[in-house]
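Reader: I am new to this structure. Please take me through its salt bridges and show me the reasoning behind each label.

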Amino acid sequence: MAKKQTSVGSEEPSSSRPWESYHTVYTNAKAGMEGVDKEKVQRIVYEMSKGSKYFENEEKKDAYMKQKIENMRAQYTKLTPQDISHHQKMADKRILELEVTRDLSRIWLHVDMDAFYAAVETLCNPSLKGKPVAVGSMSMISTASYEARKFGVRAAMPGFIARKLCPELLFVPVDFQKYTYYSNLTRKVFQNYDPNFLAASLDEAYLDITTVCKERGITSEEVADELRQSVHLETGLTCSAGVAPNRLLAKVCSDINKPNGQFVLPNDRSAVMTFISSLPIRKIGGIGKVTECILKDVFEITTCADMLQKSSFICALFSRSSADFFLSVGLGLGGTDTPQYKMRKNISNERTFSATKDEALLFQKLVDLSEMLSADMIKEGLFGRTLTLKLKTASFEVRTRAVTLPSYICSSEEILNHASKLLKAEFPVSLRLMGLRMSHFSEDKNGIPPDPTQKTLSDFILARDASGGKTSDCRPLVSDVCDNTFSVDLNCYPTYSAETSCDLRDSSMENQTSDSTFSRSILSNTNEEVNGTVVPQSSEPRAKVHKPTNTDHKMKFEKIDSYTGQLEACPRDNWQNGFSCVDDEAGSISDRKQFFVWVDDYKCSICGIELPTSFIEERQEHSDFHLAERLQGEESGNNLRSFVPQQRAAPKCHTGSSGRLKKKQKSSPTASKYVPIDAFFVKTNQNF
C-alpha cells in the first residue's frame with residue numbers, strides 16, 4: 001500500500017503539509033490529467049478552501065470516513081483463521097457461479113464525446129481553440145477543456161480555485177439548449193449502428209454492434225473508426241470509443257486513448273483477465289473516492305486483480321450484492337444484454353448557483369425548474385403525483401421536502417403551485433442548490449387511471465339496489481354533481497412530508513426536521529339501523545326513511561345550484577374562518593359558526609384535520625366538503641352525521657366491553673340466512 005495518499009485513511013501528515021490528508025475532489029483518473037503535479041493541486045485547493053463552509057463540510061465527511069474505516073478495520077482484525085477459511089470457500093463457490101455467466105458472444109461499443117460542453121463552445125466560437133476553457137462560472141465548473149486539464153482544472157471544481165491553478169483560464173456560461181442540439185445530432189448517428197442504443201448522458205452512449213459486424217462483415221475496430229468519423233462529419237466534434245465484450249469494460253476502454261481515439265479489447269477470456277489484472281480500481285464505474293479509500297486502507301486493494309486475491313475478506317465484510325459487484329469486477333464481467341424497457345420511476349432536474357438568501361431570486365429559480373420539469377414530463381408523456389423539492393444550504397446541508405397530490409399532474413403551473421408551498425416553509429434560508437423531482441407516475445402515461453372501468457366502493461354501493469340490480473333511472477347525487485367535492489376519499493387532500501438529510505447523518509445537523517404528514521380522516525357517527533344493529537345517537541325524532549325518486553333528485557340538484565351560487569358570493573375570509581355563508585333553513589343548525597370552525601386557527605372542529613392558515617385552497621376545499629355533507633344530511637331527511645365539534649382522539653377499539661355494539665338478530669327470508677353484500681350496503685346508504 002502506498003505510503004502517501006490523499007485519502008483520510010492515510011498516515012497522518014506532518015504539521016507543515018496538512019493538505020496531504022485533505023479530502024479533495026482531485027483525482028488523476030480523469031482523462032488528460034495524468035501529468036499534473038498532484039501535490040501542487042492539493043496544496044492550492046487546501047489553502048483556498050480552508051475556513052469555508054465547504055471546508056467544514058469536508059472535515060465532517062473526513063471524520064465520518066475515518067470512523068467507517070476504523071470500524072471495518074476492527075471487524076477485519078476479529079476474523080479468525082476458521083472464519084477466513086469459511087468465507088474463502090464461499091468466495092470460491094461464488095466466483096465459479098459468476099464465471100458461468102460470462103458471455104463473450106456480444107460486442108459492445110461505448111462512445112464518449114471529448115470535453116463535450118467545452119468542445120461545443122469552441123466549435124461555436126473558434127477563437128477559443130487551443131486555449132484553456134472552462135464551462136461554468138466562478139462558483140462551479142461543468143467541463144474543462146484538455147488545455148485546462150493540464151493545469152489540474154476539472155469538472156466539479158469551484159471556478160475561483162480553477163483560476164488560481166490556471167490564471168489564463170477562460171470562462172464560458174453554460175448553455176444546455178446548445179448542448180442538447182448537438183447531442184441529438186450524435187444520436188442520429190448512433191441510430192445507424194444500433195437503433196436500441198443506451199444513452200448514458202448527453203455526451204455518451206452504449207451500442208451493441210454485434211449485428212452490424214456480422215451483417216456487414218467488418219471488424220469491431222472498423223465499426224468504431226467509422227462511427228467516430230460519422231460523428232465528426234455530422235457535428236464537427238470529436239469523440240472516443242471503446243470496444244469490449246461487455247458495457248463495463250467498454251466504458252473503461254473508451255477512456256484509454258482520449259481524446260479522439262479508440263481502444264479494442266478482444267472477446268477472449270485471457271485477454272480480458274490480462275487487461276483487468278493491472279487496471280486501477282478507480283477506473284471502474286461505480287468505485288468512487290470513498291470506496292477506493294476503504295478498499296485501499298483496509299484491504300490494500302489497488303487493482304482489480306486484488307479483488308479476487310482478497311475475495312475471502314470481501315465476502316466476510318461486505319453485503320452479498322457489494323461482494324458480487326467486487327468479484328465481478330475482478331473477473332472482468334459486466335452487462336451484455338440490452339436492458340428491457342421499464343417505465344421510469346422518477347424524472348428530475350436541479351441547478352447549482354451562488355449561495356443566496358434572496359427569496360425573489362430563489363422563487364425565480366423555482367419557476368425555471370418547474371418549467372423544465374414540466375417540459376421533460378410532457379415530452380415523455382408522464383403524469384406524476386409525488387413532487388419532491390431538493391435543497392442544499394450554504395453550509396452544504398441537503399434537505400428534501402415532498403408532497404403527494406390527490407391527482408396526476410404535469411403542468412408547470414401545478415408543479416410551481418405545490419413546490420412554492422414547500423419552499424415557503426423553509427424560509428428564511430440561504431441556498432446554493434435547488435432541484436425538483438416528480439415520481440409516482442400513472443401507468444399509462446396520460447394521467448388517467450390504468451383501468452377506467454374500475455369502480456370505487458361508493459360507486460358500487462350507490463349504483464345497485466337491494467336486489468342487486470342497477471338503478472338506471474336513479475343516478476347517485478355524489479357522482480352527478482361533483483366527485484371531488486362530495487365523495488369521501490382518503491386521498492382527497494395532498495399529503496405533505498418533510499425529510500432532512502445530510503451526508504454524515506450526524507446529530508449536529510442543523511435545522512433537522514422530523515417527518516411530518518398532514519393527513520385527512522373522516523370521523524362520523526351514524527344513527528341508522530343497519531340490519532337490526534341499533535346505534536343510539538340522538539333523542540330527537542327521526543324522519544321516515546324513503547327511497548329517493550326522480551323528484552327528490554331534481555330538488556337536490558336545484559338546491560345544490562342554490563348553495564353553489566351562494567358559496568361563490570362568500571368572501572374568502574369567511575372560509576378561512578371556517579363557517580358557511582349559506583342561509584339557515586328549517587331543520588338545520590341555527591348557529592353557522594357552530595357548524596364549522598377552525599379550533600386554535602388550525603384544527604377542524606368536525607373531523608380534527610390540522611391545516612395551517614397558509615393552506616388557503618386546502619382549507620376552502622375542506623369547508624366545501626363538510627358543507628356538502630350537511631346538505632346531503634338535510635336533503636335526505638336523516639342526519640347521517642353529527643356536526644357537533646369533536647376533539648381528535650386516538651381510535652378506540654370497537655370490540656371493547658364498554659363500547660361493544662349489540663346485534664339484533666333477525667330471521668332471514670332464505671334458508672341459508674345469506675344477505676348479499678350489495679343489499680347490506682344499499683340499505684344503509686339508500687338516502688345518500
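**Salt bridges and burial**

Author: Arg401 is buried, with a relative accessible area of 4%. This is a predicted model.

Reader: Why is Arg401 called buried?

Author: Buried means under 20% relative accessible area. Arg401 has 4%, so Arg401 counts as buried.

Reader: What makes Glu426 and Arg401 a salt bridge?

Author: The cut-off is 4 Å between a side-chain nitrogen and a carboxyl oxygen. Here the closest N and O atoms are 2.6 Å apart, so the pair qualifies. Glu426 sits in the loop between α17 and β12, and Arg401 in strand β11, so the pair ties together parts 25 residues apart in sequence. Glu426 is also buried, at 11%.

Reader: Why does the pair of Lys283 and Asp255 count as a salt bridge?

Author: Their closest N and O atoms are 3.7 Å apart, which is within 4 Å, so the pair counts. Lys283 lies in the loop between α11 and α12, and Asp255 in the loop between α10 and β8.

Reader: Is Lys283 buried, exposed or partly exposed?

Author: Partly exposed, with a relative accessible area of 31%. That label covers values between 20% and 50%, so 31% fits. Asp255, at 23%, is partly exposed too.

Reader: How do you know that Lys258 is buried?

Author: Its relative accessibility is 16%, under the 20% cut-off, so Lys258 is buried. Its salt-bridge partner is Asp114, with the closest N and O atoms 2.8 Å apart. The two are 144 residues apart. Asp114 is buried as well, at 4%.

Reader: How many salt bridges does the whole structure hold?

Author: The search finds 24.

Notes. Residues numbered from 1 in each chain as written. Predicted model: local features only at pLDDT ≥ 70, side-chain atom pairs only at ≥ 80, totals over all residues. Heavy atoms only, no water. Helix = DSSP H or I, 4+ residues; strand = E, 2+ residues; numbered from the N terminus. Buried < 20%, exposed > 50% of the residue type's maximum accessible area, 1.4 Å probe, protein only.
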